[in-house]
Amino acid sequence: MAVPKSWSSDISPTRTRRYFTLEEANRTIPFVSRVVTDIVQTHERAANLHAQLENRGKPQQRILVEEELEKTVDRLNDLVDELKTIGCELKEYRLGLVDFIAKHDGREICLCWKLGEDRIDHWHELHAGFQGRQPVQMLHHL
């Protein structure tokens with residue numbers, strides 16, 4: 001799944017962080033949702049394969065599972081890299097939790113989105129995490 005050029009053009013090798021407006025972040029949600037859906041499914045597949053390895057099957061069977069797990073983890077890393085290209089950050093694999101960094105009143109905040117949500121309705125302080133989510137309506141401008 002290729003990242004639309006307009007979403008990655010703001011990121012240059014010298015710029016390490018992209019800042020989103022609420023509107024910009026919401027425009028990426030359809031694409032981010034597809035990538036995150038793949039991440040959640042691929043993560044679940046990797047967890048299942050890892051559990052199979054812990055059951056210590058026959059050596060030949062174990063080799064096949066290890067190879068499949070390696071491919072699955074590579075795919076997972078590629079998907080996470082797609083999100084980084086957009087400029088957002090995956091925070092949790094099972095829930096599909098993603099943060100978009102924004103600036104508000106001179107400080108960095110996170111616009112917080114979770115798989116299944118239609119748009120970004122929450123934000124939190126940079127280090128507050130999911131438990132610190134607050135409605136975006138509390139922000140007087142963004």
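**Briefing: burial, strand pairing and surface charge**

Ala25 is buried, its relative accessible area being 0%, because buried denotes a value under 20%. The model under discussion is predicted. Its protein chain has 142 residues, of which 36% count as buried. Three helices and five strands make up the secondary structure of the protein chain, and their order along the sequence is α-α-α-β-β-β-β-β.

**Surroundings of Ala25**
- Helix α2, which spans residues 22-54, contains Ala25.
- Ala25 and Leu111 lie 86 residues apart along the chain, and 8.0 Å separates their C-alpha atoms.

**Hairpin of β1 and β2**
- Strand β1 (residues 89-92) and strand β2 (residues 97-104) run antiparallel and are joined by three bridges.
- Opposite Glu92 stands Leu97, a residue of β2.
- Four residues lie between the two strands of this hairpin, in which Gly96 adopts a positive phi near 70°.

**Negative surface patch**
- Five residues form a negative patch on the surface, namely Glu67, Glu70, Asp74, Asp78 and Asp81.
- Within this group, Asp81 is located in helix α3, which covers residues 59-86.
- The relative accessible area of Asp81 is 40%, so Asp81 is classed as partly exposed, given that this class lies between the limits of 20% and 50%.
- The value of 40% for Asp81 also satisfies the patch criterion of over 30% relative accessible area.

Technical notes
Residues numbered from 1 in each chain as written. Predicted model: local features only at pLDDT ≥ 70, side-chain atom pairs only at ≥ 80, totals over all residues. Heavy atoms only, no water. Patch = residues over 30% accessible without salt bridge, like charges linked within 9 Å, V, L, I, M, F, W, Y side chains within 5 Å. Areas by Shrake-Rupley, 256 points an atom, 1.4 Å probe, with all protein chains shown as cover. Salt bridge = Lys/Arg side-chain N within 4 Å of Asp/Glu carboxyl O. Lys, Arg positive; Asp, Glu negative; His and termini not counted. Charge placed at Lys NZ, Arg CZ, Asp CG, Glu CD. Buried < 20%, exposed > 50% of the residue type's maximum accessible area, 1.4 Å probe, protein only. Pairing = 2+ DSSP bridges.
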